[in-house]
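Biologist: I would like to learn how to read a model like this one, feature by feature. Could you give me the general idea each time and then the case in hand?

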Amino acid sequence: MLSLGIIIFWQYKKNYDHLVLIQDREQVLEAARTSTPVKLEVYSNRWGKAVISDSKTIENIWNVIDAMSKSSPLQESQNTYNSDEISGTIYYLNGKKSTFSLGTYLKISAIIYGNPKDKPYVDKLKNYVYEILCRPENLSNLINERNKVTVVDSDNNIQKCGSDDKTSIRNKILKCSKIQDNEALEEAINTKGKVLYHIKTYMEKESSSIINTKETSYAIINIDVYKNGYIVIQDFSNEVVNAIYMKGNLLEVCKNISKTGI
């Protein structure tokens, strides 16, 4: 029982950085239930929704949050907190939950964690979440009537996609499978061959940094379509651009849309 108390006490302190005296087994178990996240629901205006319930993934995310929590928490104020890029809910083992937001800083419930020096932690958290959000269902939803979509061949010939073209691309993306296994990812990187087409999605966003003036800019999602059936997705609106690999069959669709038909 003593060893159980030590282990769970360490876990409780690790997650919340509080010093707590635990006197009996029931207190030990209650502390563990309170401090253990078991599910995360995440949402991005750009990428949509995802539910994270894999224990290893949650552990990786929580390790980053743990490192940030060791900095002095910042109290919420307009001067220190910028707009949210990602938001969601954390569910704990005891049934409790808390909201979180991830923008310039990380906010859990009413507390903002991190300092300007913690930006690498924030970027790492964003990368974890965006990699999870970048799945075939969410990617296909970006190929919609609101967004401009083009197919570019290897000679830089550009073809704008109409409604039927977008439907064809969207249906093929839904049949793609995300590559996550390290061995399969290494094989994809080494054998993907030559990139033949780029599918570019432009999502319009307005900013009003100048009074009475609206400046239009775009978040650009790029899909590289390779000779061997692999596709690589990159979100160029992120500060750190990751490459997400999927396996699918978009080559024929791009040939049909492109005027050159490589």
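Biologist: Is Cys-161 buried or exposed?

Modeller: A word on the source first: this is a predicted model, in which local features need pLDDT of at least 70 and side-chain atom pairs count only at pLDDT 80 or more, while totals for chains, interfaces and linings use all residues. Residues are numbered from 1 along each chain as its sequence is written, and side-chain values use heavy atoms, with hydrogens and water left out. As for the term, buried means under 20% relative accessible area, exposed over 50%, and partly exposed in between, with a 1.4 Å probe and protein chains only. Cys-161 counts as buried because its relative accessibility is 6%.

Biologist: How many disulfides are there?

Modeller: A disulfide is taken here as a pair of cysteine sulfur atoms within 2.5 Å, and by this rule the count is 0. Cys-161 is in no disulfide, since the nearest cysteine sulfur, that of Cys-254, lies 8.0 Å away. Cys-254 is likewise in no disulfide, and Cys-254 is buried, at 0% relative accessibility.

Biologist: Which helices and strands should I look for, and how many are there?

Modeller: Helices (H or I, at least four residues) and strands (E, at least two) are DSSP runs, numbered from the N terminus. The chain has 8 helices and 14 strands, and buried residues make up 41% of its 262 residues.

Biologist: What span should helix α6 have, and what span does it have?

Modeller: The expected span of a helix is 1.5 Å times one less than its number of residues. For the 12 residues of α6 (residues 163–174) that gives 16 Å, and the end C-alpha atoms are 17 Å apart, which agrees. The buried residues of α6 are Lys-166, Ile-169 and Ile-173. They lie on the same side of α6, because they cover an arc of only 65 degrees around the axis, the arc being that of the directions from the helix axis to the C-beta atoms. Helix α4 (residues 119–133) can be read in this way too: it has 15 residues and reaches 21 Å from its first C-alpha to its last, close to the 21 Å expected. Among the buried residues of α4 are Val-122, Leu-125, Val-129 and Leu-133.

Biologist: Which sense does the pairing of β13 with β14 have, and how many bridges join them?

Modeller: Two strands pair if DSSP finds at least two bridges between them. Strands β13 and β14 run antiparallel and are joined by 4 bridges, with Ile-233 standing opposite Ile-244 in β14. Strand β14 (residues 244–247) also pairs with β10 (residues 177–178), in the antiparallel sense over 2 bridges, where the partner of Lys-178 is Met-246.

Biologist: With which side chains does the side chain of Asp-235 make polar contacts?

Modeller: A polar contact is a pair of N or O atoms within 3.5 Å; within protein, one must be able to donate a hydrogen and the other to accept it, and residues adjacent in sequence count only if both atoms are side-chain atoms. Asp-235 is in strand β13 (residues 230–235) and is buried at 6% relative accessible area. Its side chain makes polar contacts with the side chains of Trp-47 (2.9 Å) and Ser-237 (2.5 Å). Contact in the wider sense means heavy atoms within 4.5 Å; leaving aside neighbours within four places in sequence, the residues in contact with Asp-235 include Arg-46, Ile-220 and Val-241.
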